[in-house]
Amino acid sequence: MRRLVVILPVLLFAALLGIMAALLTDGERNNDPSRLPSPLVGKTAPVISLPAIAENIPGGFSTEDLKGHVTIVNVFASWCIPCLAEHPLITKLAADGARVYGINHRDTAADATTWLRRHGNPYEAIGADTDARASLEWGVTGVPETFIIDANGKIAYKHAGPITPEVLEGKILPKLREAEGG
Amino acid sequence: MKQIPAILALTILVVMAGGPPALAVEPDEVLANPVLEGRARAISTELRCVVCQNQSIDDSDADIARDLRLLVRERLVAGDNDEEVVDYIVARYGDFVLLRPPFQPNTLALWLGPPLMAVIIATLSVLFYQTYQRRRRAGTGPEPLSPSDRAELDALVERIASTNPPSPSSVPRSRFRAEIEEGLKPPPDPDDELPGADESSDNDTHAGNADTQRQT
Amino acid sequence: MIAEIGQYVLIAALVLAGVQAIVPLWGAARGEAGLMAVGDRTAIAQAVALLIAFAALTHGFVTSDFSLSVVFQNSHSLKPMLYKVSGVWGNHEGSMLLWVLVLALFSAAVALYGRNLPPTLKARVLSIQAMIGFAFLAFIIFTSNPFARLTPAPLDGAGLNPLLQDPGLAFHPPLLYLGYVGFSMAFSFAIAALIEGRVDAAWGRWVRPWTLAAWTFLTGGIALGSWWAYYELGWGGWWFWDPVENASFMPWLFGTALLHSSIVVEKRDALKSWTILLAILTFSMSLLGTFLVRSGVLTSVHAFATDPERGVFILAILAITIGGALTLFAVRAPGMKGGGLFAPVSREGALIANNMLLTLAAATVLLGTLYPLILEALSGGESRVSVGPPFFNATFGPIMVPLVLLVAVGPLMAWKRGNLRTASRKLIPAAVAAILAIAATFLAVPDGPGLAPFAMGLAAWLGAGTIAEWGGRIKLFSSAPTVSLRRLSGQPRSASGMTLAHLGLAVMIVGITGSSAWRTELVTTLSPGQTVEGAGYAVTLESVTEGRGPNYSFERATLLIREDGKLVTTMLTERRFFPVANQTTTEAGIRTTLLSDLYGVIGERGRTPETANAWTVRFFVNPLVPWIWFGALLMSLGGFLSLSDRRHRVGAPRRAANAPPANPPSQPIPAPAE
């Protein structure tokens, strides 16, 4: 009994070591608290309805508009550097036939218009989320974030942070195919 | 002076019950209804700002924290009760936003850990008390002599008795043995005679004396 | 050039630590005095080497030598001199250097002042210290070299986090490290005792001053840190249950338990294996804190910039140090003899209860701090929760209540067998004070939180109980004043230290209760000249001026605080902008009185044209908050007073040769109370 008791601290410590080692060596682990599993995945996307940024930019959309097709919804802003970094990949996705919608997060019409003119507008439609209220509704923690919505309006996948070629190949495209297949 | 009403509208005085103060809450966020505002503040202190490091939305001046503070107030004004407001945000951001983790399967160990440890400690105390009572009833002296000890003692008594020539006031062997056994017991501890009230106020000096006495 | 010297002596210190880790241990095993004595010299040489290294790094910061990578990343030529110096330990590399320096200083102190220790014990203690030092020196040299050069040297530095440019924070880390690292002494004594297989009252007496010193420093360090948070973070909070705060609090809780249990070892030769375990756990918590802060496994406002390689290295150090210690404990502890018999109602019993509650509290904080990590690892990242202040308040508070009740009772108990009836008679003043405090608080603040009066009652119980016990000891009122005076001067300092520390705890509870229960606040927008009433005061924003500090620009607001039309105070509060770091900090205006703090902060200027000449002004009344730090100060002073006791200073006795362990060496002076 006494022997068992004195071994207990060693065992507890060994378990703790294992846990810490697992966390430290997990290359996938992202310690940024904003990149958390979203509870919305698998659920119907909360209803939002957004106006267009400006008259000459196709846009304004609501969750109703997303139904019937698998869509990608990309949350972006002109002031966001990582958004610019992922923009070519978003453009490529759209060029390859994906229906990409944009949520313009906490931005001004003028800045967003200039940005789109300079870098191109791959979006089917863009909704202006000036006060970030719609982003809140979808559990967005920062820009950029990308959602895949299936034909029934359910959120199939969410990626927080910029899309890199690895993320595109490893996560976005498979999930997109899955959503289209199912 | 015409600015005064505007200031009053923007001003709120909240007497918080143990809540942290507002670093972040800006005057324009504050609800006119002090009861609702008080509830909003209480809810805000329990919600984590997801992009911050261990700050509640009430403490953080991050954009999203402000947005969430406004959302909390919006839901309260819309008539939600506190639980509904929290559920609304948890549905979008997950359990991670709760600074008070919910009591559910994956937090059982967290919430039950401290009470369980308390129970273990209480059990140990009871066990200790029982051991004490048992040992006290058995007498505080050394453990009873084992048969081999007894045999050794008998032999010793025999040897001493045989080497020492019997004196006139010869002590019966049985009493001699009793004295040896008595000698094996620890010296009487002065602590055992409970001191008077005044004396025991000095128990440090007293304990010190006890040490010295035992030493000598 | 000077940095290169620093680099060389750092490597020299590593070599010295290597020698010290092996030779004295070997000498102790073979009983060769010559080999054992090597430890003394290497310990002192190591301390000197690290002092030189630390001076070299300080030189780099003071002269703004931006060819040094750490200086470039953490300093700036415009920074005031004080913060150039404190910048030395305001970063990962420099603070690690401070860490090993403190460790080496403690070792050198043993080498210099531990003459009365048995040579084998001293040799082993120094070896264990050197093993820890070797591991961390290797960590510094291989992963965190403070003397790494940049070529070409940048023209100017990146600056120190403006939040850290504050006198309170400048001295907070050194104190904290003296505490954290100081517990290594208890650890090394414990391991040495386990190797020798001998723990007795003399051991308890030797280990206590070191524990006491570390505890005193840690108390001061934590208090200073929370005071800094209070006035610098701009909203009057002082404890946030942040993981890094918890990392400093856990060694404190275990260390407090250790402090009390080592008394039982010293006085009664009991609780020995438990005390050894506590010594190991206390320093393990220090190491765990070092790991948590520097490895990047958790996020905290206080965490250093991290990389996983460092984390793995420290984890390996933890595995060897803590794992090795606990394994040695598991092997040796069952063979250790239990102590003498004592009644549940006795000084020993009270101290054991104290230990149980403190351990429970520490374990709760540990569980809450690590739980998010444990859950994340076990669920593969799928399950994430936060454990924040609401959890800790809900669990930690209830544990503290019986503990505080007990603190007043324990010192009234006699060793071995206490008398409950006598003790309870002496607790009458405490009970009366508690009831009066509860009633008075109810009457004074009828609409406050319902638990607050009971918390005040608890503080009164502890305060009055402590004073009554002290009064009893010096026979206050029960005999002639001259007798009391004589007894007062005859009190052992360690006993007075205990009284002071316990009193400090009572004072601190008053502060905690007041500041968390009855805080009032006023948040408003004011233009210069405007007045707003609230929180019992009229607050006028008299003016806002702009200006420049050494490395920042500021907006300085003058607030007039009036009560019933009378001017109470004129308060200055600043909002500082640091262009190098692109960061804003606030300097609160604080007026402290015995009963409360008035706390004013200027916020952002309005952004719209209508509000362009208006600022957010926050004004708080924080009742009793100064008592928190006054209480902590009393606790630290109590620690120092106890430390200055003759018995601790020169009296550490020789272990009586061949004396059975049950006989603690006698002392001419009365034993201290704790």
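Me: In this predicted model, how far apart do the C-alpha centres of domain 1 and domain 2 of chain B lie?
Reply: The domain assignment of chain B places domain 1 at 18–97 and domain 2 at 103–140, with domain 3 at 145–185. Between the C-alpha centres of domain 1 of chain B and domain 2 of chain B, the separation is 40 Å.

Me: Which element of chain B has the highest confidence, and which the lowest?
Reply: Chain B has an average pLDDT of 67, and 58% of its residues score at least 70. Residues 1–22 of chain B have pLDDT below 50, although this stretch has 53 contacts in the model beyond near neighbours in sequence. Where pLDDT is low, predicted coordinates should not be read in detail. Confidence is highest in helix α4 (residues 82–93) of chain B, at a mean of 91, and lowest, at a mean of 29, in strand β1 (residues 12–15) of chain B.

Me: How many residues on the side of chain A that touches chain C are nonpolar?
Reply: In chain A, 19 residues are in contact with 25 residues of chain C. On this side of chain A, three residues are charged, one is polar and the nonpolar ones number 15.

Me: What is the radius of gyration of chain C, and why is chain C described as being as compact as a globular protein of that length?
Reply: Chain C contains 21 helices and nine strands, and its C-alpha trace spans about 85 × 75 × 55 Å along the principal axes. For 674 residues the globule rule gives 26 Å, and the value for chain C is close to this, so chain C is as compact as a globular protein of that length; its radius of gyration is 27 Å.

Me: What percentage of the residues in chain C are buried?
Reply: A residue counts as buried if 20 or more other C-beta atoms lie within 10 Å of its own. Of the 674 residues in chain C, the buried ones make up 60%.

Key: Residues are numbered from 1 along each chain as its sequence is written. Chains are lettered from A and ligands numbered from 1 in the order in which they are written. This is a predicted model: local features need pLDDT of at least 70, side-chain atom pairs count only at pLDDT 80 or more; totals for chains, interfaces and linings use all residues. Domain bounds come from an automatic or database domain assignment. pLDDT is the predictor's confidence in each residue, from 0 to 100. Helices (H or I, at least four residues) and strands (E, at least two) are DSSP runs, numbered from the N terminus. Two residues are in contact if their C-beta atoms, placed from the backbone, lie within 7 Å. Ala, Val, Leu, Ile, Met, Phe, Trp, Tyr, Cys and Pro count as nonpolar, Asp, Glu, Lys and Arg as charged, and the others, Gly among them, as polar. The radius of gyration is taken over C-alpha atoms; the globule rule is 2.2 Å times the number of residues to the power 0.38. A residue is buried if 20 or more other C-beta atoms lie within 10 Å of its own, exposed if 12 or fewer, and partly exposed in between; C-beta atoms are placed from the backbone.
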